[in-house]
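Here is a friendly walk through one protein model, written to be read next to the viewer. Please keep the structure open as you go.

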Amino acid sequence: MNDAPRVLVLGIGNLLWADEGFGIRVVEEFHRLCETADNVRAMDGGTQGIYLLQHIREADILVVFDAVDYGLAPGTLKLVEGSEVPAFLGVKKISLHQTGFQEVLAMAEMMGDYPAHLLLVGVQPVELDDYGGSLRPAVKAQIEPAIEIAIEWLAWLGATIAKRTEPLAEEETLASREMRIGIYESGRPRPEEACRHGERLLENGAFAGPANFECEIDALLQSSGRQG
């Protein structure tokens, strides 16, 4: 087993913004349905960004599930491989976590520990601006197809994934109790009881980074008296 490639099956996203939670729900279901060898790890990467760097550096093969704005019909799955993955995550950012993950890949490459094989399984979201919402039906319907694509791709690379004889119960999945999909969806307050909108820190549907990061940091330090 020491010679087996290290495989990381990673879901990224934010469960609190409807279809942006696609990647997390896919990796949860992957873990529920599939048995994996010691060299294969399923991980909920959430919005951790830079904190995922060490995990990426340790992976020889990386599968990423995410909601990505490809400009396609809502609910459409699209596969992107290898060096094209960072570019697709950066073209139309739907959340700050995509900026963070794009940087993680760049840092891993700079440090010489970039995965030899990389697959992004992305879905075109239906709805994002619904705070506390869950996946829309068209997106939820793509969970199992996304898993099957990943299993087939991993098998092509020699990493065979077997289905469990009996899928795990929901309480045995990667999700915390509060975020298990059944509890999360059934426990949502009615619209009149809780706000379903909020600040996503996005501009015109896309993340807008600083025009000149270094100058803005210098100005911030000077204003706080921390730079002479």
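## A threonine in a loop

The side chain of Thr-173 has a polar atom 2.9 Å from the backbone oxygen of Glu-170. Please bear in mind that this is a predicted model. Thr-173 is located in the loop that runs between β7 (162-163) and α7 (181-186). Is Thr-173 buried or exposed? Its relative accessibility is 14%, so Thr-173 counts as buried; the cut-off for buried is under 20%. Leaving out residues up to four places away in sequence, Thr-173 touches Glu-28, His-31 and Arg-32.

## The helix α1

Glu-28 is also one of the buried residues of α1, a helix that covers residues 22-33. From its first C-alpha to its last, α1 reaches 16 Å over 12 residues, close to the 16 Å expected at 1.5 Å a residue. Because 10 of those 12 residues are buried, α1 is largely enclosed by the rest of the structure. Among the buried ones are Phe-22, Gly-23, Arg-25, Glu-29 and Leu-33, a list that also includes Val-26 and Phe-30.

The loop between β1 and α1 holds Ala-18. The phi angle of Ala-18 is near 50°, which is a positive value in a residue other than glycine. With a relative accessible area of 1%, Ala-18 is buried.

## The sheet

Now for the strands. Five of them form an open sheet with mixed pairing, in the order β3-β1-β4-β6-β5. Which strands stand at the edges? They are β3 and β5, and each has a single partner strand, so one side of each is left without a neighbour in the sheet. On average, neighbouring strands of this sheet are turned by 15° against each other, direction ignored.

Strand β6 has β4 on one side and β5 on the other in the strand order. It is mostly covered, with six of the seven residues of β6 buried. The pairing of β4 with β6 is parallel and runs over seven bridges, while β5 (residues 77-81) pairs with β6 in the antiparallel sense over five bridges. Some partners across these pairings are listed here.

| Residue | Opposite residue in β6 |
|---|---|
| Ile-61 | His-117 |
| Val-63 | Leu-119 |
| Leu-77 | Val-123 |

The helix α6 packs on this sheet, where it touches β1, β4, β5 and β6. The direction of α6 makes about 165° with that of β4.

## The nonpolar cores

What ties these elements together on the inside? The largest nonpolar core has 29 residues. Val-9, Phe-22, Phe-30, Phe-65, Ile-147 and Leu-154 are the ones with the most contacts inside this core. At least two core residues come from each of β1 (7-12), α1 (22-33), β3 (40-46), β4 (61-67), β6 (117-123) and α6 (143-156). Which element gives the largest share of this core? That is α6, with seven residues.

Ile-147 is a good place to zoom in. Setting aside neighbours within four places in sequence, Ile-147 is in contact with Val-26, Glu-29, Phe-30, Leu-33 and Cys-34. Of these partners, Val-26, Glu-29, Phe-30 and Leu-33 are among the buried residues of α1.

A second core, separate from the one above, has 21 residues. Its members include Leu-53, Leu-62, Val-68 and Ala-108.

Notes:
Residues numbered from 1 in each chain as written. Predicted model: local features only at pLDDT ≥ 70, side-chain atom pairs only at ≥ 80, totals over all residues. Heavy atoms only, no water. Core = buried A, V, L, I, M, F, W, Y, C linked by side-chain atoms within 4.5 Å. Buried < 20%, exposed > 50% of the residue type's maximum accessible area, 1.4 Å probe, protein only. Helix = DSSP H or I, 4+ residues; strand = E, 2+ residues; numbered from the N terminus. Contact = heavy atoms within 4.5 Å. Expected span 1.5 Å × (residues − 1). Pairing = 2+ DSSP bridges. Polar contact = N/O pair within 3.5 Å; in protein donor to acceptor, adjacent residues only side chain to side chain. Axes fitted to C-alpha atoms, helices over the stretch in contact; angles between N-to-C directions.
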